[in-house]
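Please find below some notes on the model under review. They take up one residue, one covalent link and one strand in turn.

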Amino acid sequence: QVQVVESGGGLVQAGGSLRLSCAVSGIIYSIYGMGWYRQAPGKQRELVASVTSGGSTNYADSVKDRFTISRDNVLNTVNLQMNSLKPEDTAVYYCNAQGRIAPAGSQYDSWGQGTQVTVSS
């Protein structure tokens, strides 16, 4: 079983910064991809940023040049540094991890419970 736990959400004024952290633990052989998604009220969940095990990153256009995703392959953690926050960044942010539990074992696609980010104008 794979556990994904987020931390670091909160309330911040527009223009401020927050750092989200995510730790993956449990029966893990590999983690291919790690990423952050968000879901605002009444909207679908969307990708914010992702990073592969090799360090390749991908960002939503709306957060490019403001957010930075980083990953530690030893500690199995992924962080999201969010700068110049805007009210439209307000959402529940979810961490996602994908990989295998054994060399030839089952794949997993695990989600955290989410952390609220609220940006006031």
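1. Strands here are DSSP runs of E of at least two residues, numbered from the N terminus. On that basis, S30 lies in strand β4, which spans residues 30–39. The model is a predicted one, and the remarks that follow should be read accordingly.

2. Is S30 buried or exposed? Its relative accessible area is 16%, and the cut-off for burial is under 20%, so S30 counts as buried. Setting aside neighbours within four places in sequence, the contacts of S30 are Q98, G99, R100 and Y108.

3. The structure contains 1 disulfide. The bond joins C22 to C95, with 2.0 Å between the sulfur atoms. Distant parts of the chain are linked by this pair: C22 belongs to strand β3 (residues 18–26) and C95 to strand β9 (residues 91–100), 73 residues apart. The torsion about the S-S bond is about -85°, and the disulfide is therefore left-handed. Both ends are buried: C22 has a relative accessibility of 2%, and C95 has 0%.

4. Strand β11 (residues 115–120) shows alternating side chains. T115, V117 and V119 are buried and point to one face, whereas Q116, T118 and S120 point to the other and are not buried.

5. Which strands pair with β11? Strand β2 (residues 10–13) does so in the parallel sense, over 4 bridges, with Q13 opposite S120. Strand β9 pairs with β11 in the antiparallel sense, over 3 bridges, and here A91 stands opposite V117. Strand β9 is also the strand that holds C95 of the disulfide.

Conventions
Residues are numbered from 1 along each chain as its sequence is written. This is a predicted model: local features need pLDDT of at least 70, side-chain atom pairs count only at pLDDT 80 or more; totals for chains, interfaces and linings use all residues. Side-chain values use heavy atoms; hydrogens and water are left out. Buried means under 20% relative accessible area, exposed over 50%, partly exposed in between (1.4 Å probe, protein chains only). Contact means heavy atoms within 4.5 Å. A disulfide is a pair of cysteine sulfur atoms within 2.5 Å. Two strands pair if DSSP finds at least two bridges between them.
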